[in-house]
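Thanks, everyone. I will take one helix and then the charged side chains, in that order. Please have the structure open.

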Amino acid sequence: MATYHVTFDVVKARREVKRKCSRCGKSRKRIFTVENTINPFNKNAQGFPKSATEVRADVEAQVDAEVAAFNKAKFVCCE
């Protein structure tokens, strides 16, 4: 039996956020990345495989949610 390796296309989204520490006042940068692949196992609500645009929209929404959660919380770089 032969073994086949399949490589799926990866979709990545990256956001950089700069904030000041609430304790020391130093400016710090955080980088958020989310990635997902376009594959037949990644299904939408109707049960069909997601298209590249649907996967891109999901990845963008996930990284935006992470940035929003980070912006909502109090940022402290020094403990």
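Start with the packing: the buried residues of helix α1 are in contact with strand β1 and with strand β2, residues 27-38. Before going further, note that this is a predicted model.

Which residues of α1 are the buried ones? They are Val55, Val59, Val63, Val67 and Phe70. They sit on the same side of α1, because they cover an arc of only 105° around the axis. The general background is that an α-helix has 3.6 residues a turn, so residues three or four places apart point the same way.

What is on the other face of α1, the one turned away from the buried side? That face carries the exposed residues Thr53 and Lys72.

On geometry, α1 has 21 residues. From first C-alpha to last, α1 reaches 30 Å, close to the 30 Å expected at 1.5 Å a residue.

Now the charges. How many salt bridges are there? The count is 7, and I will go through three of them.

The first one I want to show is Arg15 with Asp64, at 3.2 Å from N to O. Arg15 belongs to strand β1, residues 9-20, and Asp64 to helix α1, residues 52-72, so this pair ties together parts that are 49 residues apart in sequence. How accessible are the two partners? Arg15 is partly exposed, at a relative accessible area of 24%. Asp64 is also partly exposed, at 39%.

Next, Lys50 and Asp58. Their closest N and O atoms are 2.2 Å apart, and they form a salt bridge. Is Lys50 buried or exposed? Lys50 counts as buried, because its relative accessibility is 17% and the cut-off for buried is under 20%. Its partner Asp58 has 29% and counts as partly exposed.

Some of these bridges share partners. Arg15, Arg56, Glu60 and Asp64 are joined into one network that way. The Arg15 and Asp64 pair I just described is therefore part of that network.

The last pair is Arg14 with Glu16, a salt bridge whose closest N and O atoms are 3.4 Å apart. Glu16 is partly exposed, with 44% relative accessibility.

To recap: α1 packs its buried residues against β1 and β2, and the salt bridge between Arg15 and Asp64 also links β1 with α1. That is what I have; questions are welcome.

Conventions
Residues are numbered from 1 along each chain as its sequence is written. This is a predicted model: local features need pLDDT of at least 70, side-chain atom pairs count only at pLDDT 80 or more; totals for chains, interfaces and linings use all residues. Side-chain values use heavy atoms; hydrogens and water are left out. A salt bridge is a side-chain nitrogen of Lys or Arg within 4 Å of a carboxyl oxygen of Asp or Glu. Buried means under 20% relative accessible area, exposed over 50%, partly exposed in between (1.4 Å probe, protein chains only). Helices (H or I, at least four residues) and strands (E, at least two) are DSSP runs, numbered from the N terminus. The expected span of a helix is 1.5 Å times one less than its number of residues. The arc is that of the directions from the helix axis to the C-beta atoms. Contact means heavy atoms within 4.5 Å.
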